[in-house]
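Dear colleague,

I am handing over the structure we spoke about, and I would be grateful if you could look through it at your convenience. My notes on what was found follow directly after it.

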Amino acid sequence: MIEISFGKLVLLALIALIVLGPEKLPGAARTAGALLRRMRSGWDDVRAEVERELQIEEIKRAAREAAAKAEAAQGELDATLAQVRDLQNAASPVDAAATGEPSAAIAGSAAAPAATAAAEPDRATGDLFADTAVAAPGPRESPHGHA
């Protein structure tokens, strides 16, 4: 910016008074003030527009990054789902033999192993405690030891 000290401002005012005269000086000062306000307003508008554009670009960039992360997560989810389905498909012949379906009997499964598999807890699905009985809760004891 241009630095204008008080001395330079007084010198400019004296030159303007000599050149314009006392009749035209107030009108010229109003016009100069209006022009300065318009310039500042225009500059502020341009600066605000540039800031808005930068914010819009930042939002667009964040949206693209979020979309890319969502696509990556969707890909991971699809891969995991495919693995689970593969595991289910691999476990389904074992389940068919355990339930005694006709296709398992045709494949040469005997009825005795199917009956023992049905009696065992289902460890393929993670039900490790299927054969354990849940004990009924007994009377609650007071935390201080008296009733």
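In which helix do Glu65 and Arg61 both lie, and how many residues apart are they? Both belong to helix H1, where they sit four residues apart, about one turn of the helix. Before going further with this pair, I should say that the model is predicted, and that some parts of it call for caution.

Confidence

The protein chain has a mean pLDDT of 77, with 63% of its residues reaching 70 or more. Over residues 103-119, however, pLDDT stays under 50, and for this stretch the model has eight contacts beyond four places in sequence. Where pLDDT is low, the predicted coordinates should not be read in detail.

Salt bridges

A search of the whole structure finds four salt bridges, and three of them are described here. To return to the pair named above, Glu65 forms a salt bridge with Arg61, in which the closest N and O atoms are 2.5 Å apart. Salt bridges with shared partners join Glu65, Arg61 and Glu58 into one network. Within this network, the side chains of Glu58 and Arg61 meet at 2.3 Å, N to O, and these two residues are separated by about one helical turn because they are three residues apart in helix H1. As for accessibility, Glu58 is partly exposed, with a relative accessible area of 40%, while Glu65 counts as partly exposed at 40% and Arg61 counts as partly exposed at 34%.

Elsewhere in helix H1, Glu49 and Arg52 are also three residues apart, so about one helical turn separates them, and their side chains meet in a salt bridge at 2.8 Å, N to O. Glu49 counts as partly exposed, with a relative accessibility of 38%, and Arg52 likewise counts as partly exposed, with a value of 43%.

Nonpolar surface patch

Turning to the start of the chain, a nonpolar surface patch of about 730 Å² is made by Ile2, Ile4, Phe6, Leu9, Val10, Leu14 and Leu17. One of these residues, Ile2, has its place in the segment before helix H1, which runs over residues 6-99. Is Ile2 buried or exposed? With a relative accessible area of 72%, Ile2 is exposed, since the cut-off for that class is over 50%.

If you go through the model yourself, I would suggest keeping the confidence values in view alongside the coordinates.

With best wishes

Methods:
Residues are numbered from 1 along each chain as its sequence is written. This is a predicted model: local features need pLDDT of at least 70, side-chain atom pairs count only at pLDDT 80 or more; totals for chains, interfaces and linings use all residues. Side-chain values use heavy atoms; hydrogens and water are left out. pLDDT is the predictor's confidence in each residue, from 0 to 100. Contact means heavy atoms within 4.5 Å. Patches are made of residues with over 30% relative accessible area and no salt bridge: like charges are joined within 9 Å, nonpolar side chains (Val, Leu, Ile, Met, Phe, Trp, Tyr) within 5 Å. Accessible areas come from the Shrake-Rupley method with a 1.4 Å probe; for residues, only the protein chains shown count as cover. Buried means under 20% relative accessible area, exposed over 50%, partly exposed in between (1.4 Å probe, protein chains only).
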